[in-house]
Amino acid sequence: MKMKSFNAMLLVMVIVLLTSACGAKEYKPQEINEETDKCVICNMAVKDDPYATQIITKDGQSLKFDDIGCMNEWKVQNGTETVGAEFVRDHNSGNWLKYETAYYAYDAEYVTPMAYGVIAFESQAAAQAYITEQGKGELLSSADLKNHKWEVNRDMMDMENMEMHNESMHSDDSKEEMEMGHGTEGKDS
Amino acid sequence: MKNVQKWILVFLLGVLSFICLTPSIKAEDRARDLQSLINEAQAGATIILAQGIYEGPVIIDKPLQLEARSGEEVTITNNSDKPAIQINADDVALTRITIRDEQIKKQPTVLIQADGVLLDQLQIHTGSFGIKMRKANHGEVRNSSIVWAGVVSNRPLKLSDKGNGMDLYESNGNTFYGNTVIAMHDGIYMENSDNNLVEENHFERLRYGVHCMYTKGTIIRNNIGRLNITGAMVMAARKVELSNNQFTKQSENVNSQGILLFDAHEIMIFDNHVEGNRVGLYVEQSTHNRITNNSIVGNFIGLQLLDAENNTMSGNQFIGNVASATSRNSANNTLDGNYWDTFQGIDLDGDGKSEISYAINPFFQSLVKAKPGFQLFFQSPGMVFLEGLYQSQREQWAVDASPLMKPTENVRFVISKHTLQHSATIGGLLLCLSIYLIYLGVRRK
């Protein structure tokens, strides 16, 4: 009798465990391994620093990126249907955060691995503090990032450079070519 | 007796004073504050530094030349978290100086924020960035060495602890000649920096030897890269010349390659020697590049083309690679007159070129993109067989229209054959031993 009830309890426990595991599928970010991880989009080695980001797909694959901009590029190319969860890292602590709940600071001149200039923070206050400290930038939520243009800073730098250093090195021809090049760049990828 | 004691006393005193006095003279030398020397000097002056050790950090804010006499050792040490040497004035020159700045920190060892600065024969030991250039134009770094010297005590060293050997941002028209960079993050990193010349440098055990990001007009010529993750990483770049470089043994990392082009356009790559790497030449999302007369020798994959279009390749030699070439989604490239040693052609008209074309099968790359784990089956017999069966959409493959029948004569191998000889000797010995054992076993029966 005792044995039976024990068995029954065990069965219930197993069922509960199984169902809970199935129902609330939780996606967890993987650690960055500097030896083997490379950005799915740009091929650069992913460093174990706060710029790294990650997508866990619904079938459990981990896709790592060296810059939030590259993660965005992946979503543009592949859509978000297969995405289970997206993670970014807090710029101060390096802790993994959900993409949706993080706050972001953006400025074209912030230095990030692929120069998209978007940096993630755990709290709104921390993001604001960073912007104040740098003396430039704007605060964005993940919702704002949907409408973000994701320009890399060279596009803007180009304009400045052209005006500042145009003297001898660049003819007007090359200027036009460069601009054309940049125009097609976004569409290609 | 007393006399003798007296003499001994005098002698001891003499020795003592000698011991005490000489360091005090040296200490005086050492105490000579480099910053006040600089402050006292007139703009445009040349300061010849006496042999010895000087304490940093130092800020140079007027045109000056600091140099050591040849053969004399002048060392600047720095234990602060500021740059050991910060150059804020145009036309500063530093010659024959050793800088020891081994603490791990964010600020670089040498920070240049001015034009026309010359660094010549410096030896930099750094725990940070070697030389950082910010809006520094028309400068030159030559015959210098930059070596990683930082130590992390409580955990293993991470790649992200290290800084770049030379790090440029918005710095144009600089020359880097004859330098050696070892065990840093990237050898030379150029971002938003145009028309820089990187010539005859040596890059070893780095992440990337030369790394271009958002640059144009860079010339990378006659450099040597060994044992880096990637020899030359050319990303988001235009009009770069990459010529006569030698990249060998970029194979220790799973993502290694000799030369990688990503989002690179109108690049000229010629006369390079790429040997013993994981991937010799990796071209992704890059267009309108001219890749000519390179030797791609003894790599696991010679050429990897991914989403690459409108590139021209001719006169390249692919020899002794495990797989000569792989490709995916790369139509409209003009491949012509390259030599592929795994390809057997037929030359009917005797012009040295095959009448049968060489097509690069996209099967393996497409498979690996869908399921990365299948990399395990790289060149396994089953995979090669399946690849042979796969023929669909052949018109969209990358194809060499008329491959060369023979390699041109100037192919060379640079990786030494010593290791091969060693393993041959050991193998031979083992063979003898096993024959002897078998012989013994048979006799005992």
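What percentages of helix and strand does the chain have over residues 424-442 of chain B, and how far apart are the end C-alpha atoms? In this predicted model, the stretch is 100% helix and 0% strand, with 27 Å between its end C-alpha atoms. The same residues, 424-442 of chain B, are listed under "transmembrane region" in an unreviewed UniProt entry.

The secondary structure of chain B as a whole consists of five helices and 40 strands. Along the principal axes, the C-alpha atoms of this chain occupy a box of roughly 105 × 75 × 45 Å. The radius of gyration of chain B is 29 Å, whereas a value near 22 Å would be expected for a compact globule of 445 residues. Half of the chain is nevertheless shielded from solvent by the criterion used, with 50% of the 445 residues of chain B counted as buried. Of the contacts in chain B that link residues at least 6 apart in sequence, 43% connect residues at least 24 apart. The accessible surface of chain B amounts to about 21,100 Å², and carbon and sulfur atoms account for 56% of this area.

Within chain B, Asp161(B) lies in the loop that connects strand E14 (145-148) with strand E15 (166-169). Asp161(B) is classed as buried because its relative accessibility, 16%, falls under the 20% cut-off. Its side chain approaches the backbone nitrogen of Lys158(B) at 2.8 Å. Leaving aside residues up to four places away in sequence, Asp161(B) is in contact with Trp148(B), Val152(B), Arg155(B) and Pro156(B).

Chain A contains six helices and seven strands, arranged along the sequence in the order α-β-β-α-β-β-β-β-α-β-α-α-α. Of its 189 residues, 45% are buried. Among contacts in chain A with a sequence separation of 6 or more, 56% involve residues 24 or more positions apart. Chain A has an exposed area of about 10,600 Å², of which 55% is supplied by carbon and sulfur atoms.

Confidence estimates accompany the model. For chain B the mean pLDDT is 89, and 93% of the residues reach 70 or more. Residues 20-31 of chain B, in contrast, have pLDDT below 50, and this stretch makes four contacts in the model beyond near neighbours in sequence. Predicted coordinates should not be read in detail where pLDDT is low. For the complex, the predictor reports an ipTM of 0.72 and a pTM of 0.79.

Conventions. Residues are numbered from 1 along each chain as its sequence is written. Chains are lettered from A and ligands numbered from 1 in the order in which they are written. This is a predicted model: local features need pLDDT of at least 70, side-chain atom pairs count only at pLDDT 80 or more; totals for chains, interfaces and linings use all residues. Side-chain values use heavy atoms; hydrogens and water are left out. Helices (H or I, at least four residues) and strands (E, at least two) are DSSP runs, numbered from the N terminus. Buried means under 20% relative accessible area, exposed over 50%, partly exposed in between (1.4 Å probe, protein chains only). A polar contact is a pair of N or O atoms within 3.5 Å; within protein, one must be able to donate a hydrogen and the other to accept it, and residues adjacent in sequence count only if both atoms are side-chain atoms. Contact means heavy atoms within 4.5 Å. UniProt positions are given in the numbering used here, feature names are shortened, and annotations may be inferred rather than shown by experiment. The radius of gyration is taken over C-alpha atoms; the globule rule is 2.2 Å times the number of residues to the power 0.38. Accessible areas come from the Shrake-Rupley method with a 1.4 Å probe; for residues, only the protein chains shown count as cover. pLDDT is the predictor's confidence in each residue, from 0 to 100.
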